[in-house]
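Dear colleague,

Please find below the structure I am handing over to you. My notes on what was found in it follow.

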Amino acid sequence: LVPHEPTAKPYKLLATATEQTGKVGIARFVMRTKQYLAAVRPQDGRLLLSTMVYDDEIVRPDEIGGFDALS
């Protein structure tokens with residue numbers, strides 16, 4: 001999405017500042033009634049939103065069966 005005209009200047013300022021300082025923003029947002037954790041990071045003058053997972057959502061490899069049969 002392209003920033004709406006009234007927000008273009010603050011968007012560019014945020015993108016430039018985070019890129020020059022090497023900082024990443026952490027955000028929470030709701031999509032389809034579920035809350036997500038995300039990282040907002042700069043790349044080539046644009047802001048990218050990458051969703052992240054919470055610790056309790058990660059399945060440890062030793063909890064996943066069937067890998068022993070692959071060797």
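**Findings**

Of the contacts in the protein with a separation of 6 or more, 23% are between residues 24 or more positions apart. Please bear in mind throughout that this is a predicted model.

**Overall form**

The protein contains one helix and three strands. Read from the N terminus, these elements follow the order α-β-β-β. The radius of gyration is 18 Å, well over the 11 Å that the globule rule gives for 71 residues, so the protein is more spread out than a compact globule. Its C-alpha trace spans about 55 × 30 × 20 Å along the principal axes.

**Burial, surface and charge**

Of the 71 residues, 10% are buried. The exposed surface of the protein comes to about 6,400 Å², and carbon and sulfur atoms supply 58% of that area. The protein carries 9 positive and 9 negative charges, and the mean positions of the two sets lie 12 Å apart.

**Helix α1**

Two residues of the helix deserve a closer look. T18 belongs to helix α1, which covers residues 8–21. Is T18 buried or exposed? Its relative accessible area is 12%, under the 20% cut-off, so T18 counts as buried. The side chain of T18 reaches the backbone oxygen of A15 at 3.2 Å. Beyond its neighbours within four places in sequence, T18 is in contact with K23, P42 and L47.

L14 also has its place in helix α1. With a relative accessible area of 44%, L14 is partly exposed. Although L14 and P42 are 28 residues apart along the chain, their C-alpha atoms are separated by 8.7 Å. P42 is also one of the residues in contact with T18.

**The loops between strands**

Which residue sits in the loop between β1 (25–31) and β2 (34–43) with a positive phi? That residue is T33, whose phi is near 65 degrees although it is not a glycine. T33 counts as exposed, at 80% relative accessibility.

The loop between β2 and β3 (46–52) holds D44. Phi of D44 is near 55 degrees, again a positive value in a residue other than glycine. At 60% relative accessibility, D44 counts as exposed.

I would be glad to receive any questions you may have.

With kind regards

Conventions
Residues numbered from 1 in each chain as written. Predicted model: local features only at pLDDT ≥ 70, side-chain atom pairs only at ≥ 80, totals over all residues. Heavy atoms only, no water. Helix = DSSP H or I, 4+ residues; strand = E, 2+ residues; numbered from the N terminus. Rg over C-alpha atoms; globule rule 2.2 N^0.38 Å. Buried < 20%, exposed > 50% of the residue type's maximum accessible area, 1.4 Å probe, protein only. Contact = heavy atoms within 4.5 Å. Areas by Shrake-Rupley, 256 points an atom, 1.4 Å probe, with all protein chains shown as cover. Lys, Arg positive; Asp, Glu negative; His and termini not counted. Charge placed at Lys NZ, Arg CZ, Asp CG, Glu CD. Polar contact = N/O pair within 3.5 Å; in protein donor to acceptor, adjacent residues only side chain to side chain.
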